Structures are given as C-alpha cells and as structure tokens.
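Please open the model in your viewer and keep the selection panel at hand, since each stop on this tour begins with a set of residues to pick out.

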Amino acid sequence: MLHIRCKNNNMTKSFPEGTSLLDVYQEFANDIQLPYPVVSAKVNNVSQGLKFRLYQNRDVEFMDARGGSGHRVYVRSLCFVLYKSTQDVFPGSKLFIEHTISRGYYCNFKKKGGEALVEGDVERIRQRMQEIVALDMPFRRNEATTEEAVRIFAERGLVDKVKLLETSGQIYSDYYMLGDTADYYYGPLVPSAGYLKVWALEPYHDGMLLRVPDWNNPTILAEKADMPKTYEMFAEKTRWDIIMRLSNAGDVNKAVLKGHGSELIQVSEALQEKKIVQIAEEIDRRFHQEENPVRLVLITGPSSSGKTTFCKRLCVQLLACGLRPLSFSTDDYFVNRVDTPKLPNGDYDFDNIEAVDYNLLEEHLTHLMKGERVEIPEYNFSTGKREWNGKKLKLTNDSVLIIEGIHALNPQLTKKIEDSLKFRIYISALTSISLDDHNWIPVRDNRLLRRIIRDYNKGAFTARETIAQWPNVCRAEDQWIFPYQESADVMFNSALNIEFAVLRTHAELILATVPKNCPEYAEAHRLLKFIRYFIPVSDKEIPPTSIMREFVGGSSFKY
C-alpha cells in the first residue's frame, strides 16, 4: 500500500499501487476546501494530470483552474479541443495558437488551400467545440519512442512537431489523442473535455480569439480588453519571424545545428537596432515640429523587459540625430522607506504608485518644461532614503528629457504636462518563438527567466526567492503597468528569436539550485522542461550593447 499525503488538508491515507490521482481526490474530496472544481494536481511539487498513477509514497496537492499550473492545464486542454474542432470542420487546415492578447489567445487559421476565414466559419468551429465538450470526450496520453511519435505527426503533416521532437534529444515522447486527432503538449491535460465549462470563441482581426476563464475566478470569462496597438506589435513580430524564417523551437534548433546561430543573433540585433533608430527619428521629427514640440519621452514596461538598456540605446540614437537627451528614473522619486505603502502580508509595496512622490516629480517636470534648472533627488536603496547630492538638470534648446520607470505612462505622474509635449514608449519581451504551432511560450516566462538569471548573477536573490516573488510582481504589473500600455505612441519588442537558446546556457544550472521540497520547485521544473527543448547557444556572439546583456552580464553600459 502507498501512503499519500494530501497537502490541501495535511491528511495521509493509504492506497493500492497504481491508484490514479482522480481516485485519490475522490477519497479526499470531502475534506478539501477548494472553491472551484479540481483540474490537476502537483505530485512532489511537479504538475500532473488527474489520470496520473501513483506507484510510490507521494505528497499531492490538488489544483483548481485559478492561476498557475491549474490554469495552464485548463487552457492547454481547451486548445486541443479547438484544434480537433478545426480538423473536424476543415480537414487539412492549419491552426496557429500564437500569443495572449485581449485576455485571451489569438489564433491564426488557414484552410487546406490556404484560404482565410469567412463569415460563419468561427461559429461552425465553436459549435463543434461545444459538441466535444458535451460528449465529455476523453484525452488519452500515449508514450512512444520519439521516432514513433515523429512518424505519427509526419503522417498528419504536422511538420512543426516533427522538427521539435527530432531536435529534442528525447528517447521517449508523450503525445495525446482526442478521438482520432493526435497532438503534442509539453504539460498535462484535464481527464476529459467535459471539464471545460467556461470558454468562448469569436472572430478577432483576421483570425480567432479563444477566450478563457478569469485568472482568479474560473467560473467566469476573463474580461475582454481592446488592444489594437499590442496586436500590431505582435503582427510586427510575425513579420520579423518571416524575415528570419523562424517561428518555432524546431526552426531555431535546425538553424543552430546548421551553424547559423551567430547569424541569427546578428540579424535579431540588427532588427532591434533598426526599430530603435526609427523611434529616435520619430522623436526627432516631433521635436522639430513648429507647434508643441516633443520635450518629454516616457518609457515603461513590465519587469525584466529591458527598459534600462533600451533607454541607453535610445539616448545614443538621439545623440546621432543631433539631440541632447537627459534622463532619470522614477525610482529616484521613491518616498522614504518608512512612508512606503505595504502589502497585506506586511512587505513593502514598492510597485504601488503611492511609493513614488509623484507630486514632487510633476512639480520638477513643470519647472523643467519651462526651461528652469531643477535639482533631482537620488534614492539610496541601502538607507531607504531620498538624498540631494547636487544633481541638477536644465533643458536647453536641443535637449529632450527621458524618464524611465514602471509608472512612466501613468497619467498621475504627468497630468499637468501637455500631452503634445510627451512621447510615450512601451517596451516588453514579446516572446518571438513558440515550441510548435499549438504550444506558445508565455511572455511572462521569457521575463521570469531573464529576472532569475539577473538576480542570481548579481547575488541579489536566489532562483527560489525570485520565483517566490514573481506572483506579487505580476499582480503589480496587472494593476500599475498593463492598463496604460495602449496609451503608448510606440511599442518595442525586446525579445530575440534565439533568446531561449542563449538563456538555456545560464538558466539550467541556476534553476537546478531550487530544492525539490519547496513550492517554488514546481515552477523551476516547468521552466527547465520547456527551455530544454532549445539547443543551447553560447552568449559570446551577443554584442555588449545588447538588451540581453542586461540579464546575462557583460554589458558595456553602466547601470
């Protein structure tokens, strides 16, 4: 008999070998207080599907579809239902689940002959999805040699999965069946389609939007948000992918195996520099317009998006345009630590807008816009106090002021400054590469890996500590950054197509330091699993001015 400890209620019970997690849950169900239906579980801090069978003593924690691993299991399963429905309604068609947007998932779709969607097509697919859910069609996981899995997907014309598995280095691979439809997913699914009660599918631009449950309340749909500028930034990313002839991990791996890693880095960096030049030239054009010339450039983005290096590279290009950029960070206007607002757990909430003395900041900006000289404070993070060290700024006839910080686009900071004087920039690492056509890599995973590596290399935090802090970082971004991103005049994508291949060389050893007996191991294990799909590439070809250097070290900029 096995001894299974349920972490939801800290109770231990005995079960026969080979018992499924679903059977274990049914035994514990009356003693588990979860507000929503269970969709998956963590076994020794590793996410597993409910059909997973136990053969040794284990700790088990059951998960509903709120946030984290449970939400990912739900969405992943829903994507398989969508894929099967497209194949049932339009045999031989191609579905590309590309990225998150408008609190859903944007899906590109082409029929067998390459034709795009027409009116009524999305509704036919949605109806088939509903039929599959109503039938409670089971998901079946199969394990096969990688050669056999490659053969199965090759027969179905799924070249993206063939390339991924051929370059994965795995001896055995799991794949899933839903009815007679095969697909590959790098994480577990729910037991059957009947678990998927909350979802919607609707036309979106030239594709479809798969809407999913709210992150915090899985009984309702996540509220849709209109994001035309973000959509265009993703469209630009797709155009870059076409230029690079890369879209999935298999494409990157094949290129690396052919010796093109250095070339991929060079082209990616060139595309980013081209975009920075375009932004600088637009600022220069608006600076020299006759009425209300731009004098204030505001730069924001979520954690680990590369704001600091982007700011420095932009300053170089502005100098090349003949402008004299002056810059500072909103961090210098932090209130003294004793006055910083706190989170419910008592920790300081440094991401809160009230952690910034925005009244003083706005007063200084008003004086600077009038051409007056202002002394700028400098925040001492060691003492937790604002200091006045004689740093003075004054805008001259050829000067433009650049402010970088997480609240830079928040109108609270600059409400007394004419909008026509501002140029707003939003920067984020919009992951350029998917694992395959149905397995996207979340943007937040890209940034989390960057942050883990930077924190560890600087000796600031261990990987476990960074992972533990990440949920609070994400909540702050949802509250203080993302609501203002669509107000940007321009958006910049700081991710490189070959980034994960480079990050792997740093992340593997760092993530391996997370102990298996802590909750953070679940996230470390998941990140390791997906990043190992990429063949590692040395960072020696990454130039010293690259945004990547902000995270892996070796930058020629001083921070």
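Divided by class, the residues that line the second largest cavity of this predicted model comprise 3 nonpolar, 3 polar and 3 charged ones. To bring them up, select Tyr83, Gln87, Ser93, Lys94, Leu95, Leu158, Asp160, Asp437 and His438, which together form the lining of the second largest cavity. The space enclosed in the second largest cavity amounts to about 40 Å³, and the elements that contribute two or more residues to its lining are α2 (68–89) and β8.

Keep β8 displayed and turn next to the largest cavity, to whose lining β8 gives the largest share, 3 residues. How many cavities of 30 Å³ or more does the structure hold? There are 2 cavities of 30 Å³ or more, and the largest cavity has a volume of about 70 Å³. For its lining, select Glu98, His99, Thr100, Phe234, Lys237, Thr431, Ile433, Ser434, Trp440, Ile441, Pro442 and Val443. Besides β8 (94–101), α6 (228–244) is an element that gives two or more residues to the lining of the largest cavity. Colouring by class will show 6 nonpolar, 4 polar and 2 charged residues around the largest cavity.

The next stop is a pair of helices. Select α5 (residues 159–166) together with α7 (residues 249–257), and look along the place where their axes come within 8 Å of each other and cross at roughly 50 degrees. Because of that angle, α5 counts as oblique to α7, and the crossing of α5 and α7 is left-handed. To see what makes the contact, show the side chains of Lys163, Leu164 and Glu166 on α5, and add Ala249, Gly250, Asp251 and Lys254 on α7. By class, this contact of α5 with α7 comprises 2 nonpolar, 1 polar and 4 charged residues.

Now move to a second helix pair, α12 and α15 (residues 521–531), whose axes come within 12 Å and cross at roughly 105 degrees. How do α12 and α15 lie to each other, parallel or perpendicular? Angles of 65 to 115 degrees count as roughly perpendicular, and α12 and α15 are therefore roughly perpendicular to each other. With both helices on screen, select Asp445, Leu448, Leu449 and Ile452 in α12, which meet Glu523, Arg526, Leu527, Phe530 and Ile531 in α15. The contact of α12 with α15 divides into 6 nonpolar, no polar and 3 charged residues.

Leave α12 selected for the last stop, since α12 (443–457) is one of the elements that give two or more residues to the lining of the second largest pocket, alongside α9 (307–320), β16 (324–329) and α13 (463–480). Which of the elements supplies the largest share of the lining of the second largest pocket? The largest share, 8 residues, comes from α13. The second largest pocket has a volume of about 1,800 Å³ and is lined by 50 residues. To place the view on its centre, select Asp331, Asp351, Phe381, Arg451 and Arg454, which are the lining residues that lie nearest the centre of the second largest pocket. Coloured by class, the lining of the second largest pocket divides into 19 nonpolar, 13 polar and 18 charged residues.

Methods. Residues numbered from 1 in each chain as written. Predicted model: local features only at pLDDT ≥ 70, side-chain atom pairs only at ≥ 80, totals over all residues. Heavy atoms only, no water. Axes fitted to C-alpha atoms, helices over the stretch in contact; angles between N-to-C directions. Helix = DSSP H or I, 4+ residues; strand = E, 2+ residues; numbered from the N terminus. Parallel < 35°, antiparallel > 145°, perpendicular 65-115°, else oblique. Left-handed = near helix turned anticlockwise from the far one by under 90°. Contact = heavy atoms within 4.5 Å. Nonpolar A, V, L, I, M, F, W, Y, C, P; charged D, E, K, R; others polar. 1 Å grid on protein atoms, 1.4 Å probe; cavity = no way out; pocket = protein on both sides within 12 Å on 5 of 7 lines; lining within 4 Å. Points joined across faces, edges and corners; volume = space filled by probe spheres on them.
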